[in-house]
Every structure is written in C-alpha cells, then in structure tokens.
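Open the model in your viewer and switch on a cartoon view with side chains available. The tour goes from one selection to the next.

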Amino acid sequence: MAVIDKDAFDGTVTQEELLGACDLAPIQTQISLIARASDGFVVMTGNDVGREAFDETEISQIFVIFAETVNDFANADASTLRTAVSAALAGMWTSCSNDVPCPFDQAAHGRTRLIFHIHVPGWGFEPARIKFKGKDPSHAFCGLDWLMLNGENCKPYSFQLQTKPVEAPATYEFALFINASQDAGNQSTRIIIDPSVELNPP
C-alpha cells in the first residue's frame with residue numbers, strides 16, 4: 001500500500017512550483033466568488049473578456065457588491081443567492097456559465113489571471129491556498145500570491161494565480177485549502193475542495 005504524502009494535505013506548505021513572478025503579463029482576469037447558501041455552495045465566475053481590463057477599483061467593487069448581496073440573502077438557498085448575485089453584478093463583468101461537474105471547476109486560456117475570493121463568515125484560505133495533483137504545474141501556472149488591492153493585502157480571503165499558454169488542451173486537477181472556523185474561531189478545521197481547471201490554447 002502506498003504511503004500518503006503528509007505534505008500534500010498540509011495547508012501550511014505552499015507548492016513551490018507556483019511561486020515567483022511570471023515572465024509574461026496577463027491579458028485577461030477571471031474572478032471566482034465563493035459563498036455559502038442554506039443548501040450548499042454558490043460559486044460565481046466572471047471575467048473581463050470583451051471589455052476593458054479590470055483595474056483594482058473594479059475588482060474591489062465586485063467584491064463589495066458580492067459581500068453586500070450575500071449578506072442581504074444570508075438565509076437564502078443557492079438558487080436564490082445565485083440569481084441575486086447575477087443581477088447585482090450584471091454589467092460589471094462577463095459571466096462564465098460553463099456546465100461543469102463541480103462548481104469550483106475552471107476553464108481558461110492563454111495568459112489569464114485567476115482570482116479566487118471567499119466570503120463566508122469564519123472562513124479563509126490557508127497559506128497553501130491551492131495545490132495541483134498528478135502533474136507538474138510549473139509549465140502551466142505561475143505567480144501564486146495573495147491578492148493586493150489598492151495597497152491592501154487581501155490575505156486570507158483572496159489570492160491570484162496566472163495561467164501560461166499551452167499548445168494543446170489540458171486539464172489539471174487541483175485542491176483549494178480553506179480554514180473553516182466556528183464559534184467565533186474557538187474551533188477550526190481544514191477543508192480541501194478538489195476541482196479541476198481546463199486550459200486551452202490562446
């Protein structure tokens with residue numbers, strides 16, 4: 001029986017292949033917003049394809065409107081919350097409505113900056129944030145870092161990662177590492193969500 005690598009499940013150990021600045025600047029940004037409804041997760045994804053590139057102010061506005069909407073619909077089910085968030089963010093981004101097996105799944109192409117943002121009371125990303133499984137991610141991803149907006153560090157609620165151009169479609173399985181607390185932080189646990197990202201040539 002194979003031994004399980006403990007570090008692979010440690011949310012404090014960052015995947016070193018993802019660190020370091022990228023050689024090429026991103027040409028588009030894709031944002032995934034994560035919240036919890038009364039009956040499950042809501043993940044909304046949108047990008048700036050076909051419009052002016054997002055600047056820090058626009059990203060901040062998206063985060064604020066998302067938080068306000070989630071708070072206003074705190075006891076709503078996922079369908080109601082998804083509809084409310086879609087309406088609130090209409091016109092601010094190009095919504096991604098891919099039919100994917102997991103709501104956390106991603107699809108990107110070329111040089112895309114992926115931003116993950118969570119708005120769940122008591123929840124935040126762990127230092128590892130994201131780890132890829134089964135494939136060396138250094139040929140397809142770079143620039144893992146906490147998101148900075150208007151000079152402020154968004155740790156532990158928002159991080160970014162950039163995709164590199166690929167010559168042929170490829171799917172990478174990854175894990176999101178979230179620290180979830182309850183009872184005002186007196187208890188916490190690690191939650192690992194394992195979606196995938198499909199990369200396509202530019």
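Start with the largest nonpolar core of this predicted model. This core has 30 residues. Select Phe125, Ile130, Phe132, Phe141 and Leu176, the residues with the most contacts inside the core.

Next, colour the elements that give two or more residues to this core: strand 5 (112-118), strand 6 (123-133), strand 7 (141-146), strand 10 (158-163), strand 11 (170-182) and strand 13 (196-200). Which strand gives the most to the core? Strand 11 does, with six residues.

Keep strand 11 selected and look at its pairings. Strand 6 pairs with strand 11 in the antiparallel sense, over seven bridges. Here Phe125 stands opposite Ile178 of strand 11. Now add strand 12, residues 187-193, which also pairs with strand 11 in the antiparallel sense over seven bridges. To find one position in this pairing, select Leu176; its bridge partner in strand 12 is Ile193. Then show strand 13, whose antiparallel pairing with strand 11 has four bridges. In this pairing, Thr171 stands opposite Glu198 of strand 13.

Return to Phe125 and show what surrounds the residue. Beyond its neighbours within four places in sequence, Phe125 is in contact with Ile34, Phe116, His117, Ile118, Trp146, Pro156, Tyr157, Ser158, Phe159, Leu176, Phe177 and Ile178. Ile178 is thus on this contact list and is also the residue opposite Phe125 in strand 11.

For the last stop, leave the largest core and select Ile59, Phe63, Phe66 and Val70. They are among the 21 residues of another core, which lies apart from the largest one.

Technical notes. Residues numbered from 1 in each chain as written. Predicted model: local features only at pLDDT ≥ 70, side-chain atom pairs only at ≥ 80, totals over all residues. Heavy atoms only, no water. Core = buried A, V, L, I, M, F, W, Y, C linked by side-chain atoms within 4.5 Å. Buried < 20%, exposed > 50% of the residue type's maximum accessible area, 1.4 Å probe, protein only. Contact = heavy atoms within 4.5 Å. Pairing = 2+ DSSP bridges.
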